[in-house]
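Q: Could you take me on a close look at the ligand and its surroundings, and then at the aromatic rings? I would like the cut-offs explained along the way.

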Amino acid sequence: MKRWNGWGDINKHKPLSNMAYNYLTNLLGKFDITPDIEQKILLKSIPNSKISNSFLNTNPLDRLLHARGQSFPDWISFKHGRIDSFPEAVAYPETQEDIKKIIHFAKYQEMSLIPYGGGTSVAGHINPNPDSRVITLNMQKMNSVLNINITNRLADIQAGANGLQIEHQLNSQGYTLGHFPQSFEYSTLGGWIATRSSGHQSYYYGRIEDLFYNGIIENLNGSIPIKGFPASAAGPDIRQFILGSEGRLGIITKANMRIRKLPEKEVFYGVLFKNWKLGENAVRTAVQQDLQVSMMRLSDSTETLVNFKLSGENKFVNIAEKYLPKLGFSSNRCMLIFGVTGKKKKVNQTIKEARSIFNTFKSSPLIKYIGKSWNKNRFLIPYIRNSLWDAGFGLDTIETSIQWDKVNFMSEELKKTISVTFEGLGERVLVFSHLSHIYKEGASIYVTYIFRRKSNPDELLIIWETVKKAVSKKIVEVGGTISHQHGIGVDHKPFVHFEKGKLGLDAISSVINTFDPNGMFNPGKLID
Ligand SMILES: Cc1cc2nc3c(=O)[nH]c(=O)nc-3n(C[C@H](O)[C@H](O)[C@H](O)COP(=O)(O)OP(=O)(O)OC[C@H]3O[C@@H](n4cnc5c(N)ncnc54)[C@H](O)[C@@H]3O)c2cc1C
């Protein structure tokens, strides 16, 4: 069962070790822990729904669970019971016909519809606007792989299928989609397409826009096929309208996705560099020399240290702390996790090439244990947010991407901005970053910050808003994208015009008006 006010399955935990707890409290200071509001108290505060229909669910619990997503402000809302808008009803369609019925009912009632996948948005995508009457349409019952066309290497998949469901169904036939965002257990195909998601191994498998071949979107115009071709020169590609549409154009009901045979071999390694500069140059050289890795993820020295502390593998950490400095890997060391996927022979060859490239940057030997442990725990890592919250800490992340010649500058500026902003608020923060996805021309930068949470939710929200604003301003000032993979939602909306310009926003607005002239689908998200 899913946690109602935190991340993930209630039976899964990533506890905070004593080592990690002591490290964080020494660094961030003492605090008061306020208990979370009880669900039953929150349920009582939900106003009655004013609509009823046999295919709509209006019970308070369903409405509560669909009121917010997974952003930090969403967590404050759930944990402190400060939710000022709920959907009037939640629908769980099982067929395309159900979806049509719900759309026409909403039109008749002059209500908005919010397409809902897994609710894992971290940018306020699925939160109802306080001033609109909303039906949330949860796609979870449309979760099947309908057909695998082996000749064309395409799988027709219903949009409500989450990562686990997709891989389970494809793997049983020897195939994989290869899309592994960290929210994989809950996020869905429709959500990935609508937010332009990126999975861990996107360097090998491609981002969701590379995997999306064609699909169907349902709105008041009916079922609109979004056609795909192996390649086409027939003007602008309509598929690009759907990618990143954030629910504004209608409901994506299914999509044909490019799939691959399950790889013969897949490995992950850890490797250490003596400092950031060596590590960054190594990954840039590797990618520009066409090293056929599936992923590279380079942590800065603070994240390298924090990963050691939070790993809970105290024995390993103690040995590493004792011997690494003797080998020249002092506190500036930076950890790279990389993966290789594909045919056995090619994988073995790539590992050799990786070793040789990294050696020229004075790396440590490749460490299989670290790569293996990362792969084993990669979907468990987000569960640390639950343990951190319970111990009195908040955690949030910021992400962007930028060209190589500005990667280091951007990364340093973002960390500085976060630290200075916390200092101005009279608080301390632990901030660190990694390059999460690499490209020939640049990389995405993923910054994490941990701070002690305030018991007063208003104060906590002010801290978050102040940091978010300062850091978003810095992203656009340095020239990065406001989002590499999380989308716009409402949280990034004030900054999207820096990237698209007025003409760009007008063009997006025209597309939305053309698909959805009544402004019925997820109003207020992506653009005003
Ligand atoms: C712990 C954690 C880790 C994460 N890691 C990653 C990561 O590694 N990579 C990454 O890219 N993102 C990541 N995210 C962000 C999030 O998982 C993605 O944005 C994801 O694509 C959202 O999918 P979802 O199904 O949960 O969509 P939702 O959150 O339900 O919805 C997101 C948006 O998509 C729209 N939408 C959903 N389904 C449909 C549909 N069928 N038709 C039309 N519109 C639809 C909604 O209206 C909304 O605007 C992470 C989030 C969390 C909480």
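A: Happy to, starting with the ligand's polar partners. A backbone N or O atom of glycine 118 lies 2.9 Å from an oxygen atom of the ligand, and a polar backbone atom of glycine 119 is likewise 2.9 Å from an oxygen atom of the ligand. On the nitrogen side, a polar backbone atom of serine 198 is 2.9 Å from a nitrogen atom of the ligand. A polar contact here is a pair of N or O atoms within 3.5 Å; within protein, one must be able to donate a hydrogen and the other to accept it, and residues adjacent in sequence count only if both atoms are side-chain atoms.

Taken alone, the ligand exposes 970 Å², and the protein buries 97% of that (Shrake-Rupley method, 1.4 Å probe; for residues, only the protein chains shown count as cover). Elements giving two or more residues to the shell are β2 (112-116), α7 (189-195) and β9 (251-258), and α7 gives the largest share, five residues. Helices (H or I, at least four residues) and strands (E, at least two) are DSSP runs numbered from the N terminus.

A word on the source: this is a predicted model, in which local features need pLDDT of at least 70 and side-chain atom pairs count only at pLDDT 80 or more, while totals for chains, interfaces and linings use all residues. Residues are numbered from 1 along each chain as its sequence is written, and side-chain values use heavy atoms, leaving out hydrogens and water.

In total, 35 residues surround the ligand, the closest being Pro115, Gly117, Thr120, Ser183 and Thr188 (near means a heavy atom within 4 Å).

Now to the rings, where the count comes to 18 aromatic pairs. Rings of Phe, Tyr and Trp (its six-membered ring) pair if their centres lie within 6.5 Å; planes under 30 degrees apart count as stacked, over 60 as edge-to-face and the rest as tilted. Phenylalanine 184 and phenylalanine 379 are stacked, at 5.0 Å centre to centre with 20° between the planes. This pair links distant parts of the chain, 195 residues apart: phenylalanine 184 is in the loop between β6 (175-176) and α7, and phenylalanine 379 in the loop between α15 (368-377) and α16 (384-390). Phenylalanine 184 counts as buried because its relative accessibility is 6% (buried is under 20% relative accessible area, exposed over 50%, partly exposed in between; 1.4 Å probe, protein chains only).
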